[in-house]
Amino acid sequence: MAALKLAAIEGHDPRVPIPDKDLHPDHPVLADGTKPNFETYLYYAKQQREKEAAESKSDDMERGFWANLLWGKTNEKLVPTNLPDDKKGGAARSDSDAEYRAASSALRTASWGSVVYLITTDILGPYTTPWAFSQVGYGPGVACFIAFAIMAAYSGLLLWYMFMKLDSDKHPLRSFGDLAYRIYGGWFRHVCNILQSLQLIFNVGLIILSNGQGLSQMAKFKLCFSVCNIVWMLSGMILGQIRTLQKFSWIANLAIWLNVITIIMTMGAVANTPPNYEGAGLPPGPVQTMAINNQPFEGQLNGIMQMVFSYGGAMIFIEFMAEMRRPMDFWKAMAVAQLFITVVYLFFGLFVYSYQGQFVVNIANQGISLYSLQTASNAISLTAGLIAAALYGNIGVKVIYNNILVELCRAPPLTVKSGKYLFAVSIVVYWALAYVIGSAVPQFTNISALVAAVCIFQFSYTFPPFMFLGFVMQKTALQGDKPYDVNNPHSSRVDTWKDWSRWRRALSKHIVFNLWNFIITLACVATAVLAAYSAIKSIVTIFHTAGSPTSFGCKSPVQ
């Protein structure tokens, strides 16, 4: 069980944002008043990896190679409590570079075993998988799941490699946006931060919507559906006032076990009770399953986009690596977690689809027909959903607050009193917007497909090869420059990106690999656009269908 030791116990939970006072500026200024360039990040990252390799060799000798390979290094070193405190109002930091590097290193405490647990906790919850199979059939469903798993692993390896080459204690990577900045600059960082903010707020909106559906079932549809959503909105507004979730991170880890219980209950129920015909919106009849479901491509794409949620953790992979004592071990954590998730999703999806066929409800446990089991599973999944929504909401508000309100609107930092008050107001506004999303378009399937196409698909499949293309080109272009001088970091380049000579060098090597990543990027963009179109068209179609739930109405989508 050492592999499942929580990162929060080891020091800090990577899913919980590091307190603002513990963070160095994302893009620090060098001694000569300039910003670090690509060469500077490579130089210090190389030193960092050499240091970690030496520490790893020493640890292996002390603890044993096989123990470290199987369970990961367990580090008991906690985050220091004497880090600089900026509570007086954004005063200039007095810690030296050496002190900061020591503090940054101390924040890296998670083992790869605990990261397996964290990736699984954040992604696991395959309640949409059976519905995905019902839209495409057995054959395409299994093929797409495996294909998505392979490409998600490929993207994860690309992110891991770039992190290893660009991260250091002196210039640490803390988020997906930080990595985007170091490769393409500020414009791409803003794109990533905007999509991340959209994904998080829509995730909270989806959780309000799914929890509202569950509560309406528990109330036997005697409570107005919009009121059900308001209950979860108010709960989130209250729970969201906890400014840091670090002390409660063990609660977040309960989500995986709550999901596992719900999965087991759902499989047991569907195997021994008839489908929920009312929830499926279909008249009773024999269960039908298909090898291939030949229907219009909109429905098939909406089903396939549900699978994208299975591998939607790439957005926070950088945060996980940033908290690892030995980030070179991340590939092991990702491999184990992705394999586990793929097996669980496939098994659960095939199992429920085989018993319920065309009557599958999107959010599988809400397709249980026996009220007692349906209510029990809803109670458990609603608790897990509220935990997840609180976590997404906390991170989402901080992303928006730090990257928009502070950086662009000059709002006070969260470490001062006025910033804390503004954060509390931001939480209320954030959950109100999420409620509007969930209640204005009460279509869980189509909204989740839209989020997957516009946001999740980019972080998991489009951006990693696109970023790696830029990384390889920049690294190749350096081969014609003078040797890097740490004392004069901007003196080594012989030309700039305004000159064709630099582009020619950048494109002169790794031609096939660069072309592969370019084609993958274009294919992903095309898929995302088509899937987004399908989701929007489905939303419009359902709104024009008689008897469908209306915006802010009282009829539940599963009624």
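**Exercise 1. A salt bridge within a helix**

Is Glu50 buried, partly exposed or exposed? Find its salt-bridge partner and place both residues in the fold.

*Solution.* The model is predicted.
- Step 1. Take the accessibility. Glu50 has a relative accessible area of 45%, so Glu50 is partly exposed. The partly exposed class runs between 20% and 50%.
- Step 2. Find the partner. The side chain of Glu50 meets that of Lys46 in a salt bridge, with N to O at 2.8 Å.
- Step 3. Check the partner. Lys46 has a relative accessible area of 54%, so Lys46 is exposed.
- Step 4. Place the pair. Lys46 and Glu50 both belong to helix 2 (residues 38-63). Four residues separate them, about one turn of the helix.
- Step 5. Apply the helix geometry. An α-helix has 3.6 residues a turn, so residues three or four places apart point the same way.

**Exercise 2. Buried charges**

Which residues form salt bridges with Asp329? Determine whether the residues involved are buried or exposed.

*Solution.*
- Step 1. List the partners. Arg326 meets Asp329 in a salt bridge at 3.4 Å, N to O. Lys332 also forms a salt bridge with Asp329, the closest N and O atoms lying 3.5 Å apart.
- Step 2. Apply the cut-off of under 20% for buried. Asp329 stands at 10% relative accessibility and therefore counts as buried. Lys332, at 11%, is buried. Arg326 is buried as well.
- Step 3. Set this in the whole structure. The count of salt bridges comes to 13. Elsewhere, Asp481, Asp495, Arg502 and Arg505 are linked in a salt-bridge network.

**Exercise 3. The disulfide**

How many disulfides does a search of the whole structure find? Describe the geometry and what the link connects.

*Solution.*
- Step 1. Count. The search finds one disulfide.
- Step 2. Identify the pair. Cys224 and Cys554 form the link, with sulfur atoms 2.2 Å apart.
- Step 3. Read the torsion. The angle about the S-S bond is -90°, and the link is left-handed.
- Step 4. Locate the ends. Cys224 sits in the loop between helix 9 (186-218) and helix 10 (225-239), and Cys554 in the segment after helix 21 (511-543), so the bond ties together parts 330 residues apart in sequence.
- Step 5. Look at two other cysteines. Cys455 counts as buried because its relative accessibility is 3%. Cys524 is buried at 9%.

**Exercise 4. A contact across the sequence**

What does Leu195 touch, leaving out residues up to four places away in sequence?

*Solution.*
- Step 1. Place the residue. Leu195 is found in helix 9. Its relative accessibility is 12%, so Leu195 counts as buried.
- Step 2. List the contacts. Leu195 touches Val454, Cys455, Gln458, Phe459 and Phe463.
- Step 3. Gauge the separation. The C-alpha atoms of Leu195 and Ile456 are 8.5 Å apart, while their positions lie 261 residues apart along the chain.
- Step 4. Compare with the chain as a whole. Of contacts between residues at least 6 apart in sequence, 85% join residues at least 24 apart.

**Exercise 5. Two helices and a buried glutamine**

Test the spans of helix 12 and helix 18 against 1.5 Å a residue. Then trace the surroundings of Gln356.

*Solution.*
- Step 1. Helix 12 (residues 254-272) has 19 residues. Its end-to-end C-alpha distance is 28 Å, close to the expected 27 Å.
- Step 2. Helix 18 (residues 417-440) has 24 residues and should span 34 Å; its end C-alpha atoms are 35 Å apart, which agrees.
- Step 3. Find the packing of helix 18. Its buried residues include Phe423, Tyr430 and Trp431. The buried residues pack against helix 9, helix 10, helix 17 (371-406) and helix 21.
- Step 4. Turn to Gln356, in helix 16 (residues 330-356). At 1% relative accessibility, Gln356 counts as buried.
- Step 5. List its contacts beyond four places in sequence: Val270, Pro275, Asn276, Val287, Val361 and Gly367. Val270 is one of the buried residues of helix 12.
- Step 6. Add the polar contact. A polar side-chain atom of Gln356 lies 3.1 Å from the backbone oxygen of Gly367.

**Exercise 6. The chain overall**

What is the secondary structure of the chain, and what share of its residues is buried?

*Solution.*
- Step 1. Count elements. The chain has 21 helices and zero strands.
- Step 2. Take burial. Of 559 residues, 56% count as buried.
- Step 3. Take the surface. The accessible surface is about 23,200 Å², and 69% of that belongs to carbon and sulfur atoms.

Notes
Residues are numbered from 1 along each chain as its sequence is written. This is a predicted model: local features need pLDDT of at least 70, side-chain atom pairs count only at pLDDT 80 or more; totals for chains, interfaces and linings use all residues. Side-chain values use heavy atoms; hydrogens and water are left out. The expected span of a helix is 1.5 Å times one less than its number of residues. Buried means under 20% relative accessible area, exposed over 50%, partly exposed in between (1.4 Å probe, protein chains only). A polar contact is a pair of N or O atoms within 3.5 Å; within protein, one must be able to donate a hydrogen and the other to accept it, and residues adjacent in sequence count only if both atoms are side-chain atoms. Contact means heavy atoms within 4.5 Å. A disulfide is a pair of cysteine sulfur atoms within 2.5 Å. Accessible areas come from the Shrake-Rupley method with a 1.4 Å probe; for residues, only the protein chains shown count as cover. A salt bridge is a side-chain nitrogen of Lys or Arg within 4 Å of a carboxyl oxygen of Asp or Glu.
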